[in-house]
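Let's walk through this structure together, one chain at a time. Keep the 3D view open as you read.

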Amino acid sequence: MKKIYSVLVENRSGVLCKVAGLFSRRCFNIESLAVGETDDPTTSCMTIVSSGDQRTMEQIEKQLNKKLDVIKVKTFDESASISRELMLMKVKYNRNNRRDIMEICDVMKAQIVDMSKKTMIIQICDVPEKTRLLIDMMQSISIVEVARTGTLALQKCLETDV
Amino acid sequence: MLGADAMVKCLEEEGVKYVFGYPGVAICPFYNSILESRIDTILIRTEQNAAHAASGLARVTGNVGVCAVTSGPGATNVITGIATAFADSIPLVCITGQVNSALLGSDVFQEADITGAVESFVKYSYLVKDAEEIPRIFKEAFHIANTGRKGPVLIDVPIDVQNAPVSRFKYPDEVNMRTYKPTVKGNAVQIRKVVKELSKAKRPIICAGGGVLLGGAEHALRAFVERYRIPVVSTMMGIGVMPTKHPMYYGMVGNNGHPYANRAMNESDLLLMVGARVADRAVNQPDLITENKVLVHIDVDPAEIGKNVGPTIPLVGDARHIIEDFMEEEFTCEHEAWIDTLNGYRDTMGRVRKPNPSYVDPAQFIRMLSERMQDDAVYVADVGQNQIWSCNYHIVKNGRFLTTGGMGTMGYSIPAAMGVKLAEPEKQVVAVCGDGSFQMSMMELATMRQFGVPVKIIVLKNNYLGMVREYQHYTYKDNYSVVDLSGSPDLEKLAAAYDMRFMRLRTMEGAQETIDAFLEKDEAVLLECLIDPMDLVK
């Protein structure tokens, strides 16, 4: 089972370490973690994707709530969320495969954002499966390096939202 | 006013009477300021014991225990004491000195990242970077330590912050933390559900844990079980919730508990776990307490509910408030046949021991001792075989039974007993340890002597690390490894070195007279009891 935890925390030094430490100490799994300041500079939002059985998922939420730097924990399924991941990928190219790369980017709605005579940087912002797919597609071409943000997610808009 | 003065002022505002600790350069400004105060300082002989002493004080008074140590090794030494308090949910505030804040992270002399190191053993920690923040931080720390699920809070104060001027000292009247609002009152719907189950139950039982004592709920609980005649068992940390000889009390559960207590719990049809974690030593097989029964789990910490076992009715809140709410409800709860059954178990399923007459029988000795102890005496058990014998044979009247059930830290009893005796000097305080655990804290005999703390100490001496030897006896067929304690000091000479009265008991002959002489005066005594090295708790 996979869950997304959207964790609003105090924007203080050491908080990331406390949250990460909680996951490692209690043997909870982190599939992805993304952190950033929110519209309020005193708070940060951590988006954590984790998987495990029902009891583990419940414990993650409770243990997060127990941390004194945690303001609010929202837990939701992937299907109930809008999630995105940003990836930058540097690939080596040559005259023979340049067109293929551009076609793949076109299909995947990825952009080429930088180029030299031998390499280019491709940017994609999509659901995590799509970024994964792009890696698979490019694997045969020669990937130089990859940087990914990890999943960012918000719960889908509900009629009950304020 | 300097930061250090502000720190002391905060402790005064909190009504702190004792600070246990060990100075070093990094905490010297604080220890200089405290000289001006009426707070007494107790120089402990190793930092770990400062936390244990503060724990003993906290457990009998209900107030936060305070210790203050220096940076680096002073701070790292106190970690075991903090972890012990964390596992047992004891409210502590531990102040650590720290190197100059400008040098943090540069690995200078006696620098240790203590807030990082204790992260998984504290309820919260602070690294103070601005002296003006001291009043707010101390107010929060004391509040956090002693509310909700209680526990230790660490405040790390760099030496330059202790020496920095504080322009205006104002101790806040209340805390304002958006992230911390523990649930105290139980949910009314859940309470009514429990009451409904209680009125239906044929075989109800309460399993009381340390949370009942921490919540000051023991009197409410006794009134509740007396009104509805609900049987009670306890975890190790819950010993003392009920007087041992109370007709409704059926002993300690767990793999070291009484067989009849476990049977009572397993055969019940409604089990109320109150302030107990359902940890492995108390409940070896969580399945057994959910099968064929309604499990109600009452705890102030929502994360404990469902962690080890999934309850039928979860109920988050403070034990005292919830029991008082039960008392408000009107219902009937009839189950006389069940009580008869349990009385039958209690009468017939007691442990049968075959004591060796050439030695002191710890079971009989502890029973005799506790019968002779004062009504409100405090008994502090250490860790090892002595702890299990103490749990099984000590008779709590209206006093307290203290031990570390969560972390099981050897050497706990003597420093904890010192904390108790300082807090409540009129009470009889007895620490019971083995020869292994005694040697982990025997340096504190000096503290007792220096500050005149008349704790009575019993060493059940068998020349072995008995609990481990017993484990090796069963698991490794008597292949003993690293459990032989020969080389231990002559306790009579040791007692003489500390000007302490010494007594020795070799067999049960004359035990009564020895115990009477041991308890007679309010003085520090060391009583050595020679135990059969091959004796077993099971």
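**A sheet in chain A, a helix pair in chain B**

In this predicted model, chain A holds an open sheet of four strands, ordered S2-S3-S1-S4 and paired in the antiparallel sense. At the edges you will find strand S2 (32–37) and strand S4 (70–76) of chain A; each has a single partner strand, so one side of each has no neighbour in the sheet. On average, neighbouring strands here are turned by 15 degrees against each other, direction ignored.

Now zoom in on one pairing. Strand S1 (residues 2–10) of chain A joins S4(A) through six bridges, in the antiparallel sense. If you want a spot to look at, A:Tyr5 stands opposite A:Thr75 in S4(A).

Two helices come next. Helix H1 (residues 15–25) of chain A lies across S1, S2 and strand S3 (43–51) of that chain, and runs at about 150 degrees to S1(A). Helix H2 (residues 54–66) of chain A also packs on the sheet, where it touches S1, S3 and S4 of chain A, with its direction at about 165 degrees to that of S4(A).

Over to chain B. How do the axes of helix H3 (residues 47–61) and helix H5 (residues 79–87) of chain B cross? They come within 6 Å and cross at roughly 30 degrees. Angles under 35 degrees count as roughly parallel, and H3(B) and H5(B) are therefore roughly parallel to each other. On the H3(B) side, the contact involves B:Gln48, B:Asn49, B:Ala50, B:Ala51, B:His52 and B:Ser55, which meet B:Thr80, B:Gly81, B:Ile82, B:Thr84 and B:Ala85 in H5(B). The residues of this contact divide into four nonpolar, seven polar and no charged.

Conventions: Residues are numbered from 1 along each chain as its sequence is written. Chains are lettered from A and ligands numbered from 1 in the order in which they are written. This is a predicted model: local features need pLDDT of at least 70, side-chain atom pairs count only at pLDDT 80 or more; totals for chains, interfaces and linings use all residues. Axes are lines fitted to C-alpha atoms, for helices over the stretch in contact, and angles run from 0 to 180 degrees between N-to-C directions. Angles under 35 degrees count as roughly parallel, over 145 as roughly antiparallel, 65 to 115 as roughly perpendicular and the rest as oblique. Two residues are in contact if their C-beta atoms, placed from the backbone, lie within 7 Å. Ala, Val, Leu, Ile, Met, Phe, Trp, Tyr, Cys and Pro count as nonpolar, Asp, Glu, Lys and Arg as charged, and the others, Gly among them, as polar. Two strands pair if DSSP finds at least two bridges between them.
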